[in-house]
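Thanks for coming, everyone. I have a new structure to walk through. Have a look, and then we start.

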Amino acid sequence: MILYIVKKGSDPGGLIDKLNSRGASYRLVELYGEKLIIAWPDSIVETATDPSVGAVVKIKKPYPLASREWKRDDTIVSVGDIEIGGRGVVIAAGPCSVESEEQMIEISRRLKNLGVSIIRGGAFKPRTSPYSFQGLGEKGLKILRSVSDEVGLPIVSEIMDPRDSLLFKEYIDMIQIGARNSQNFSLLREVGRLGKPVLLKRGFGNTVDEWLSSAEYILSEGNGSVVICERGIRSFETGTRFTLDVGGIALAKKTTHLPVCADPSHPAGKRDLVAPLALAAIASGADMILIEVHPEPEKALSDSEQQLDIDGFAALMDKMRSVARALGRDL
Ligand code: PEP
Ligand code: MN
């Protein structure tokens, strides 16, 4: 694929005419303040030139916008006042599911005091069984909004259906795409068009290239505020719930300019495995860590076995700080 960077203030109409007359395919995207044209196949577009073109980049990866082949510097994604992808490691924490306003207020206040920057909580839950707790839905989103306003921290929550996008636009600061929807292309396009920051989980059967191609769907709608999140892949191991792919985190950091998050809770599946996975994720380059914490994990309505209690999380926070600082990062 060929990526044309249009000169500031220039009209790319001439280039588009040339691409059309050659029968090429192209897409015009405005991203990070640049006007870009992605055109293919290489054999037809390679020799097209126009005075409006400032630079031409030949891209080998199937995800030109997500790749460092075009954008070498790290992208910083802002969620409220929080910056993800810089020197600091950002910690997001909260329960698997929003269960009540009291639960969310209590946990959010305590997490803020421990140095957490973003609160998590699922209102629409992707459950393997239709008979398991499905989340509070819209009521859960409203609880998240009021808790966020009260405590003064932004919130991240998972969207499952493009038809809910306006609710998420109204109530939620960062929209999570879950592992099971990582290749739901109409949902990816929809959150791309919403323009809010996105936390994109890796599908547990997806390669790093497939995960970055999912990010490309969001970027190609002109939304560059994407954080990609490793949350464990399926392997032959059954002792853990999934296999946290630390090699995938390191590879993603090299391949994309987007910030990389890691979720140690879902691959652990068990409380006492969360801490070592969180520390390994920071050591392998993660810019953000997403952890499930519940005021009373044994009573949680979903993922009870893997959620940390407040004391367990406080102890892990100290360890994460030590590892981050040993690597020259802030936490
Ligand atoms: C979650 O974060 O609550 C969740 C369902 O995660 P995943 O999509 O990674 O399973
Ligand atoms: Mn969960």
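Cys261 counts as buried, because its relative accessibility is 0%. Keep in mind that this model is predicted. Now, cysteines. How many disulfides does the structure hold? Zero. Cys261 is in no disulfide, and the nearest cysteine sulfur, that of Cys229, is 3.5 Å away. The cut-off for a disulfide is 2.5 Å between the sulfur atoms.

Another cysteine has a metal to deal with. Which residues coordinate the manganese ion, ligand 2? There are Cys96 through SG, His266 through NE2, Glu292 through OE and Asp303 through OD. The distances run from 2.1 to 2.4 Å. Along the chain, the donors follow the spacing C-x169-H-x25-E-x10-D. Take Cys96 and Glu292 from that set. Cys96 sits in the loop between β7 (90–94) and α3 (101–113), and Glu292 sits in strand β14, residues 288–292, so this pair ties together parts that are 196 residues apart in sequence.

Are Cys96 and Glu292 buried or exposed? Both are buried. For Cys96 the relative accessibility is 2%, so Cys96 counts as buried. The cut-off is under 20%.

Asp303 deserves a second look. This manganese donor lies in the loop between β14 and α11 (310–326). Its relative accessibility is 17%, and therefore Asp303 counts as buried. The backbone is worth checking here too. Asp303 has a positive phi, about 45°, although it is not a glycine. Most residues other than glycine have a negative phi.

On to ligand 1. Which residues surround ligand 1? The list is Arg120, Lys125, Pro126, Glu158, Gln176, Gly178, Ala179, Arg180, Lys201, Arg231, His266 and Glu292. Two of these names are familiar: His266 and Glu292 also coordinate the manganese ion. Sorted by class, the shell has seven charged, three polar and two nonpolar residues.

Here are some distances from oxygen atoms of ligand 1. One oxygen is 2.7 Å from an N or O atom in the side chain of Lys201. For the side chain of Gln176, the distance from a ligand oxygen to an N or O atom is 3.0 Å. With Ala179 the partner is a polar backbone atom, and an oxygen of ligand 1 is 2.7 Å from it. How much of ligand 1 does the protein cover? It covers 97% of the 290 Å² of accessible area that the ligand has on its own.

Next, some backbone details elsewhere. Trp40 and Pro41 are joined by a cis peptide bond, with omega at about 0°. Most peptide bonds are trans. Pro41 lies in the loop between β3 (34–40) and α2 (42–45).

Tyr32 is in the loop between β2 (25–31) and β3. What is phi of Tyr32 near? It is near 50°, a positive value in a residue other than glycine. Tyr32 is partly exposed, because its relative accessible area is 33%.

Last stop, Ser52. Ser52 has its place in the loop between α2 and β4 (53–58). At 5% relative accessibility, Ser52 counts as buried. Its side chain makes a polar contact with the side chain of Asp50, at 2.6 Å.

That is the tour. Questions, please.

How values were computed
Residues numbered from 1 in each chain as written. Chains lettered and ligands numbered in written order. Predicted model: local features only at pLDDT ≥ 70, side-chain atom pairs only at ≥ 80, totals over all residues. Heavy atoms only, no water. Donors = N, O, S within 2.8 Å, 3.2 Å for Na, K, Ca; no water. Helix = DSSP H or I, 4+ residues; strand = E, 2+ residues; numbered from the N terminus. Buried < 20%, exposed > 50% of the residue type's maximum accessible area, 1.4 Å probe, protein only. Near = heavy atom within 4 Å. Polar contact = N/O pair within 3.5 Å; in protein donor to acceptor, adjacent residues only side chain to side chain. Areas by Shrake-Rupley, 256 points an atom, 1.4 Å probe, with all protein chains shown as cover. Nonpolar A, V, L, I, M, F, W, Y, C, P; charged D, E, K, R; others polar.
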